[in-house]
Amino acid sequence: MVVPKAVYRPTIVYRPIRPSDLEVLKQIHADLFPIRYESEFFFNVVNGNGIVSWAAVDSSRPDGQNDELIGFVTTRIVVAKDSEIQDMLGYDLRSDQTLVYILTLGVIEPYRNLGIATSLIQEVIKYASGLDTCRAVYLHVISYNEPAILFYKKMSFRCLRRLRDFYYIRGRHYDSFLFVYYVNGGRSPCSPLEIMVAVVAYLRSLCSSLVCRLWKSEERKASRWSKCKETSSLLINQNKRIISAENVGCQCV
């Protein structure tokens, strides 16, 4: 499928992938990815069998193909406790918590750098955030795909792990990077560094509180000592006046 570079401003519309998209979806996957997907995968995508997907189409295309795929993202929901990233979801993982896994994301070349991939990922994040049980969106990126790595970092995904020999393509192994975007309060367990930083912050707060209390205590002591001095001074002056009065009384007798 050859699409000329757009010389007009396209009007991009997003919709679910449909059975009518099957052949174009297969062709784009074959053009974009080194991995060959089984027919069952495409059948499940276009029929929504365990897969949630979004399509991007250019409704302003002048060639009569204004509903043909130009981009897509496919995902599926997985149970968090059965996933490969369960150890990255904190220590309060419940049996009902889920994740959204991004299977494939692609945009054909004439429509790249128009923000379509960004919009597709935003659709996924919005969908995951709307699932009360979902804690994260995650995916794998082959280690040599530098543009994809930069793209997901720009989208605020966190690269949490490098998986050795994750892919086996045409007789060769390739590493994979695991990217995660947390939603609905999901977060990774604290690393040793994060624990140390938290402890140091707590100790600083504790020391500050103790210093403040000691300072206030010293102020109160100083205040009481000042009042005692004032009281003693008053008593001494009063005694002096009494003695002076007695002396005067004696002289008058």
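**Exercise 1. Find out how strand β1 is joined to β2, and then follow the pairing onward to β3 and β4.**

Step 1. Start with strand β1, residues 12–15, in this predicted model. Four bridges join β1 to β2, and the two strands run antiparallel. For a concrete example, look at Arg-15: its bridge partner in β2 is Ala-55.

Step 2. Now move on from β2, which covers residues 52–58. Six bridges join β2 to strand β3 (residues 69–79), again in an antiparallel arrangement. Two places to check by eye are Ser-53, which stands opposite Thr-74 in β3, and Ala-56, whose bridge partner in β3 is Gly-71.

Step 3. Continue to β4. Nine bridges join β3 to β4, and these strands run antiparallel as well. Here Phe-72 stands opposite Gly-106 in β4.

Step 4. Ask how covered these strands are. Six of the seven residues of β2 are buried, which leaves the strand mostly covered. In β3, eight of the 11 residues are buried, so the strand is largely enclosed by the rest of the structure.

**Exercise 2. Decide whether Pro-62 is buried or exposed, and say where Pro-62 is found.**

Step 1. Locate the residue: Pro-62 is in the loop between β2 and β3.

Step 2. Compare its accessibility with the cut-off. A residue counts as exposed over 50% relative accessible area. Pro-62 has 68% relative accessibility, so it counts as exposed.

Step 3. Look across to Pro-10. Pro-62 and Pro-10 are 52 residues apart along the chain, and their C-alpha atoms are separated by 9.9 Å.

**Exercise 3. Describe the geometry of the Tyr-101 and Tyr-138 ring pair, then do likewise for Phe-157 and Tyr-181.**

Step 1. Know what to look for: a pair of aromatic rings is described by the distance of the centres and the angle of the planes. The structure holds 13 aromatic pairs.

Step 2. Take the two tyrosines. The ring centres of Tyr-101 and Tyr-138 lie 4.7 Å apart and the planes meet at 45 degrees, so this pair is tilted. Tyr-101 belongs to strand β4 (residues 98–107) and Tyr-138 to strand β5 (residues 134–142), so the pair ties together parts that are 37 residues apart in sequence. Both Tyr-101 and Tyr-138 are buried.

Step 3. Turn to Phe-157 and Tyr-181. This aromatic pair is tilted too, with 5.3 Å from centre to centre and 50 degrees between the planes. Phe-157 sits in the loop between α4 (146–154) and β6 (158–169), while Tyr-181 is in strand β7; the pair links parts of the chain 24 residues apart.

Step 4. Compare the cover of the two partners. Phe-157 has 4% relative accessibility and counts as buried, whereas Tyr-181, at 22%, is partly exposed.

Step 5. Finish with a group of rings: Phe-33, Tyr-37, Phe-41, Phe-42 and Phe-72 form one aromatic cluster.

**Exercise 4. Work out which residues touch the most other members of the largest nonpolar core.**

Step 1. This core has 42 residues, and those touching the most other members are Leu-25, Ile-102, Ile-121, Tyr-152, Phe-157 and Phe-179. Helix α3 (residues 116–129) gives the most to the core, with six residues.

Step 2. Zoom in on Phe-157. Leaving aside residues up to four places away in sequence, Phe-157 has contacts that include Ile-102, Ile-121, Val-137, Leu-139 and Phe-179.

Step 3. Look for another core. A second, separate one has 12 residues, among them Val-78, Ala-80, Leu-99 and Tyr-182.

**Exercise 5. Describe the surroundings of Ser-176.**

Step 1. Ser-176 is placed in strand β7, residues 172–182.

Step 2. Its relative accessible area is 0%, so Ser-176 is buried.

Step 3. Beyond four places in sequence, Ser-176 touches several residues, including His-140, Ile-142, Arg-161, Leu-163 and Tyr-167.

**Exercise 6. Step back to the whole chain and judge where the model is less certain.**

Step 1. Count the elements: the protein chain has five helices and seven strands. Of its 253 residues, 35% count as buried.

Step 2. Check the confidence. The average pLDDT is 83, and 73% of the residues score at least 70.

Step 3. Inspect residues 245–253. Their pLDDT stays under 50, and the model has zero contacts for them beyond four places in sequence.

How values were computed
Residues are numbered from 1 along each chain as its sequence is written. This is a predicted model: local features need pLDDT of at least 70, side-chain atom pairs count only at pLDDT 80 or more; totals for chains, interfaces and linings use all residues. Side-chain values use heavy atoms; hydrogens and water are left out. Buried means under 20% relative accessible area, exposed over 50%, partly exposed in between (1.4 Å probe, protein chains only). Contact means heavy atoms within 4.5 Å. Rings of Phe, Tyr and Trp (its six-membered ring) pair if their centres lie within 6.5 Å; planes under 30 degrees apart count as stacked, over 60 as edge-to-face and the rest as tilted. Two strands pair if DSSP finds at least two bridges between them. A nonpolar core is a set of buried Ala, Val, Leu, Ile, Met, Phe, Trp, Tyr and Cys residues joined through side-chain atoms within 4.5 Å. pLDDT is the predictor's confidence in each residue, from 0 to 100.
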